[in-house]
Amino acid sequence: MSQADGPRYELNNPPVISEVIDGEVVAIDLDAGNYFSLRGPAVAVWSALLDGAAPRDIVAAAATPGAEPALADALELFVERLLADRLLRPRNDTGGAPVAVAPLQAWSRDELDYECFTDMQNLLGLDPIHEADDRLGWPVQQT
Amino acid sequence: MRILIVDGGVPLRGADGGSGAVADLALGLARLGPDVFFYPDGRPDPAAGEPITGLTLAGEPSKGPSGLEPWLQRHGPSLDHAILSRPGPAGKYLPYLTRFPKLSRIFFGHDIHHHRLRDARAHGLPVESLLVRGMEALERHLWRKVDLVVYPSPEEAAAVVVAEPMARAIDIPIYRLDVPPPPAGEPVPARRDAMFVGGAAHLPNRDGVAWFAEAVLPPLRHRLPDFALHVIGAWPAGLIGELQRPGLYFHGRIDDLALEMRMKAVRMAVFPLRFGGGVKRKVVAALAQGLPVVTSPVGLQGLDPGAGRGAVALSAHSADDYADAIARLASDDDLWRRLARSGQDFARDHYGHQAYDDGLRHMLGAADAASARRRRQNAE
């Protein structure tokens, strides 16, 4: 990575895993038990980030004349939030060829968003075969 | 050979089927000769039950992954296989094992959890849809990332490859059962009633017994007025109160000896399971004891179709099916003897010591081949 390329990122694994299921990115923090759901344009942007593309190359793949500043602002906020939620981490590797990014659908700030379900905390650490609560059903979060 | 097993906790004696399967796995592998080390994700809870003895612990379990890391630094390079049990612990610990390329990584899934969760939701049980998706994501991630996926039924192993064609999945028997010799001169007519084994914390059990009490028991008792179902296992008093009706008795948890005596006294085991995954230990355990079984196709899941499902147990789906099968088994001594014998033969052939040990050898061989393939692909 050269400084000119800007920072690049990778999945924060462990403890986070990520899969695309029926067009939805499902990312799970296995330590915290938090579940994250990304849909719409955020899916392709997420995939490009995990492939090691630099944000400016991702913006370039979606930009139409004059749209670049707004796309870049939205992506910057998106990445900040992904870092804050510890879904991504900066790549430590240096060098390497730039990652080609296929043309992307443009996004708005609202579209580069995701949902976080913190009420799933601990659920994935449980064995849902055996954990149930008489009143609350199955499975139920242990406190 | 050195093997590490990681699970969500220490297996407990006489607890759930999952604990039994992990205990059988660890102790069964050790019996074959390898050095087996066990790492439970978390400190054992003395209140939860009596831990299985005879396991060699690795690292400091109370510390989670960080408690295993120093141990892995020392022993990782000399390990041959790592077996990760259940999705949650497997997902958590897999990244710590991938730094040892020689080590084969095996995911021991017990059953496909997201299928069971999805089916439970379809039956109206309180399962969040996002949990189904989350569990599917985790399981499919594991299927792709490990060298070998192991499930108890061929249906589940096949489902893995359909979903993730690059995955390698096999089925092996996951229970190692003692199968006693057939009882000589069995006084069949002296047996009466039916038993169900399983606690309410396992939702398929809760759903099944509630459905049976509501849909099957009342009409069945018109045909067999003295028929009773005896439920063995932990059921909360409130739920027992809700389900209470003539012919339904809850006995709570009982020890192994009392369970064996109960199995010798009843005429049949009935498992009215409407959903659930994997091979059910309770079904196979009843067959092993020569106790004829009436259950659903779900209850028979994973039992080798080649062995003839109709021959080892009576399959039922609707309430009428259950009533008919139970009434037949209650009155036909020849049928009872045939099922008792064929059930024991099946259990011995598929879940006896020899079959179990053969399954473990098959698993280790398949894992060796799969990890060698991974290393070749990485080198290319």
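## Terms and model

A residue counts as exposed when its relative accessible area is over 50%, and as buried when that area is under 20%. Asp22(A) has a relative accessibility of 78%, so Asp22(A) is exposed. The model is predicted. The report takes chain A and then chain B.

## Chain A: overall build

Chain A holds three helices and six strands. From the N terminus, the order of elements is β-β-β-β-α-α-α-β-β. The chain has 143 residues, and 47% of them are buried.

Contacts in chain A with a separation of 6 or more can be split by sequence distance. Residues 24 or more positions apart supply 65% of them. The exposed area of the chain is about 7000 Å². Carbon and sulfur atoms contribute 48% of that area.

## Chain A: confidence

The average pLDDT of chain A is 81. A score of at least 70 is reached by 77% of the residues. Residues 126-143 are another matter: their pLDDT is below 50. Even so, the model gives this stretch 54 contacts beyond near neighbours in sequence.

## Chain A: backbone features

Most peptide bonds are trans, and most residues other than glycine have a negative phi. Chain A has exceptions on both counts.

Two cis peptide bonds come in succession. One joins Asn13(A) and Pro14(A), with omega at about -10°. The other joins Pro14(A) and Pro15(A), with omega at about 15°. Pro14(A) sits in the loop between strand S1 (9-11) and strand S2 (16-21) of chain A. Pro15(A) belongs to the loop between S1 and S2 as well.

Asp22(A) is the phi exception here. Its phi is positive, at about 50°, though the residue is not a glycine. Asp22(A) lies in the loop between S2 and strand S3 (24-29) of chain A. Its 78% relative accessibility is over the 50% cut-off, which means that this loop residue is exposed.

## Chain B: strand S1 and its partners

Strand S1 of chain B spans residues 2-7. Five of its six residues are buried, so the rest of the structure largely encloses the strand.

S1(B) pairs with strand S2 (residues 35-40) of chain B in the parallel sense, over six bridges. Within that pairing, Asp7(B) has Pro40(B) as its bridge partner in S2(B). S1(B) also runs parallel to strand S4 (residues 81-85) of chain B, with four bridges between them. There, Leu4(B) has Ala82(B) as its bridge partner in S4(B).

## Chain B: Arg86 after S4

Arg86(B) lies in the loop between S4 and helix H3 (87-97) of chain B. Arg86(B) is not a glycine, yet its phi is positive, at about 70°. Its relative accessible area is 10%, so Arg86(B) is buried. Asp22(A), with its own positive phi, is exposed instead.

## Chain B: helix H6

Helix H6 of chain B covers residues 154-163, and its buried residues are Glu156(B), Ala157(B) and Val160(B). Seen down the axis of H6(B), these residues fall within an arc of 100°, so they line one face of the helix. The buried residues of H6(B) pack against three elements of chain B: helix H5 (129-145), strand S6 (148-151) and strand S7 (169-171).

## Chain B: Gly20 and Lys282

Gly20(B) is part of helix H1 (residues 17-32) of chain B. Its relative accessible area is 14%, so Gly20(B) is buried. The C-alpha atom of Gly20(B) is 8.9 Å from that of Ile174(B). Along the chain, these two residues are 154 residues apart.

Lys282(B) belongs to helix H10 (residues 281-288) of chain B. At 16% relative accessibility, Lys282(B) falls under the 20% cut-off and therefore counts as buried. Its side chain makes a polar contact of 3.0 Å with the side chain of Asn205(B). Neighbours within four places in sequence aside, Lys282(B) contacts Val197(B), His202(B), Asn205(B), Phe271(B) and Leu273(B). Asn205(B) thus appears in that contact list and in the polar contact.

Terms used:
Residues are numbered from 1 along each chain as its sequence is written. Chains are lettered from A and ligands numbered from 1 in the order in which they are written. This is a predicted model: local features need pLDDT of at least 70, side-chain atom pairs count only at pLDDT 80 or more; totals for chains, interfaces and linings use all residues. Side-chain values use heavy atoms; hydrogens and water are left out. Helices (H or I, at least four residues) and strands (E, at least two) are DSSP runs, numbered from the N terminus. Buried means under 20% relative accessible area, exposed over 50%, partly exposed in between (1.4 Å probe, protein chains only). A polar contact is a pair of N or O atoms within 3.5 Å; within protein, one must be able to donate a hydrogen and the other to accept it, and residues adjacent in sequence count only if both atoms are side-chain atoms. Contact means heavy atoms within 4.5 Å. Two strands pair if DSSP finds at least two bridges between them. Accessible areas come from the Shrake-Rupley method with a 1.4 Å probe; for residues, only the protein chains shown count as cover. The arc is that of the directions from the helix axis to the C-beta atoms. pLDDT is the predictor's confidence in each residue, from 0 to 100.
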